[in-house]
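This report introduces a protein structure to a reader who has not met it before. The sequence and the model are shown first, and a description of selected parts follows.

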Amino acid sequence: MKAEMSMKLKVCGMREPQNIRELAQLHPDYMGLIFYPQSKRVVADLDTEMLQNLPASLKITGVFADETVEGIIEKCQKYPLKAIQLHGAESPEFCRLLRAALEQIKPAEPLELIKAFGLDEDFDFQTLEPYLHLVDFFLFDTKTAAHGGSGITFNWSVLDNYPYTKPYFLSGGLSAENLPEVNLIKDPRLYALDLNSRFEIAPGKKDIEKIKQALNNLESR
């Protein structure tokens, strides 16, 4: 059984059935399936029964970038998603419309909504204010031309300028080597870590032993 810990863990960019089953045995909190067509880790098709048989505590997260509301809803109806991550240039109005649509298809169990932003030294945190009442979490990634998965970290001291109480996921180049530095971040708003490319054997296939070690490091916080 997984030890109780304050920091949540999300492993993103999963798509191979056996790799998914092996990851699920480690009991991370979130698992990301990427539905952005231009991603190297895009999901083409997965056995929905296999996903439904994963531990109920695992929040399967659909990751989208500049998708339509209809496109996201279609994936929610096909797969047992429990969270939606928006990794593009989605506006507050888009988030409002999506939230309303999600509540219609799952009124008894609303999906969590995560809005990602790419950060650099010049990021203006005031741009987040219109999203505060529309999303459950922010995700802070490294600002690049692509939508995540760069394996590059940003200067975490930028987070000292974050003025809101909304909890956030930390993403962007997290690795076995820099996780000890993450343990030094004492911000109570840091809700979860998002692991991806630095824990891969190949795009879309994770090194399970590396992730197991990451969990052990977090549980020792």
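The model is predicted. In it, strand 3 (59-64), strand 4 and helix 4 are among the elements that cover the buried residues of helix 3. Those buried residues are Val69, Gly71, Ile72, Ile73 and Cys76.

**Helix 3 and helix 4**

Two packed helices are described by the angle between their axes and the distance between the axes. For helix 3 (residues 69-78) and helix 4, the axes come within 10 Å and cross at roughly 30°. An angle under 35 degrees counts as roughly parallel, and helix 3 and helix 4 are therefore roughly parallel to each other. Their crossing is right-handed. On the side of helix 3, the contact is made by Val69, Ile72, Ile73, Cys76 and Gln77; helix 4 contributes Phe94, Leu97, Leu98, Ala101, Leu102 and Ile105.

**The nonpolar cores**

The largest nonpolar core has 65 residues. Met31, Leu33, Leu51, Ile84, Phe140 and Leu193 are the residues with the most contacts inside this core. A second, separate core of 8 residues includes Tyr30, Ile114, Phe137 and Ala192. With neighbours within four places in sequence left aside, the contacts of Ile84 include Ile72 and Cys76, two residues that are also listed among the buried residues of helix 3. Ile84 is likewise in contact with Leu98 and Leu102, which take part in the helix 4 side of the helix contact. Other partners of Ile84 include Thr61, Gly62, Phe64, Leu111 and Ile114.

**Glu90**

The loop between strand 4 (83-86) and helix 4 (92-105) holds Glu90. Is Glu90 buried or exposed? Because buried means under 20% relative accessible area, Glu90 counts as buried at 4% relative accessibility. The side chain of Glu90 reaches two backbone nitrogens, as tabulated below.

| Side chain | Backbone nitrogen reached | Distance |
|---|---|---|
| Glu90 | Asp66 | 2.8 Å |
| Glu90 | Gly88 | 2.9 Å |

Leaving aside neighbours within four places in sequence, Glu90 is in contact with Phe64, Ala65, Asp66, Lys115 and Tyr131.

**Tyr191**

Tyr191 lies in strand 8 (residues 190-195). Leaving aside neighbours within four places in sequence, Tyr191 is in contact with Ser6, Met7, Lys8, Tyr30, Phe137, Pro167, Tyr168 and Phe169. Of these partners, Tyr30 and Phe137 are included in the second core. From C-alpha to C-alpha, Tyr191 and Pro37 are 28 Å apart in space, and they are 154 residues apart in sequence.

Notes
Residues numbered from 1 in each chain as written. Predicted model: local features only at pLDDT ≥ 70, side-chain atom pairs only at ≥ 80, totals over all residues. Heavy atoms only, no water. Core = buried A, V, L, I, M, F, W, Y, C linked by side-chain atoms within 4.5 Å. Buried < 20%, exposed > 50% of the residue type's maximum accessible area, 1.4 Å probe, protein only. Contact = heavy atoms within 4.5 Å. Helix = DSSP H or I, 4+ residues; strand = E, 2+ residues; numbered from the N terminus. Polar contact = N/O pair within 3.5 Å; in protein donor to acceptor, adjacent residues only side chain to side chain. Axes fitted to C-alpha atoms, helices over the stretch in contact; angles between N-to-C directions. Parallel < 35°, antiparallel > 145°, perpendicular 65-115°, else oblique. Left-handed = near helix turned anticlockwise from the far one by under 90°.
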